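I opened this entry to keep track of what I looked up, going from one residue to the next and then to the core.

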Amino acid sequence: MKKKKREYQSSELVKSFARIYGFEHKLIAFDIKDFLEDYLDESLFKEIKSVNLENGCVIIKIDSPLLKHDFKMRKNFYLKKFHDKFGTDQFHDLQIL
């Protein structure tokens, strides 16, 4: 069963509050996590512990050593995917932990 997407994120009110209180980066991190949920197989997505955006760097924490290695090997591929989807002005690097 597919869970409901975060529809509230597209709300102008939420975006306005995010701008005022400085948590716009968290909304982008949620978008990236949603993108990964759609892109990856369900069993692989469950291995992703968290997605954050700090100082222009997407930080993805992964439990599985194999998936972590795959992400590290394909770092440029994923960074390009994120740039294509969310723009290059939001972040400049990807770190896998």
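**Notebook: two residues and a core**

I began with K85, which I found in helix α5, keeping in mind that I was working with a predicted model. I then looked up its accessibility, and because the relative value is 53%, above the 50% cut-off, K85 counts as exposed. I also checked K85 against D31, which is 54 residues away along the chain, and the C-alpha atoms of the two are separated by 9.6 Å.

Next I turned to S64, which sits in the loop between β2 and α4. Is S64 buried or exposed? With a relative accessibility of 15%, which is under the 20% limit, S64 counts as buried. I noted as well that a polar atom of the S64 side chain lies 3.2 Å from the backbone nitrogen of L67.

I then looked up the largest nonpolar core and recorded that it has 22 residues, with L36, I48, I60, F71 and F82 having the most contacts inside it. The elements giving two or more residues to this core are α2 (24-39), β1 (48-54), β2 (57-62), α4 (65-73), α5 (75-86) and β3 (93-96). Which element gives the largest share of this core? I found that it is α2, with five residues. As a general note to myself, nonpolar side chains tend to be buried together in soluble globular proteins.

Last, I listed the contacts of I48, leaving out residues up to four places away in sequence, and found that I48 touches L36, L40, I60, K61, I62, L67 and F71.

Conventions
Residues numbered from 1 in each chain as written. Predicted model: local features only at pLDDT ≥ 70, side-chain atom pairs only at ≥ 80, totals over all residues. Heavy atoms only, no water. Core = buried A, V, L, I, M, F, W, Y, C linked by side-chain atoms within 4.5 Å. Buried < 20%, exposed > 50% of the residue type's maximum accessible area, 1.4 Å probe, protein only. Helix = DSSP H or I, 4+ residues; strand = E, 2+ residues; numbered from the N terminus. Contact = heavy atoms within 4.5 Å. Polar contact = N/O pair within 3.5 Å; in protein donor to acceptor, adjacent residues only side chain to side chain.
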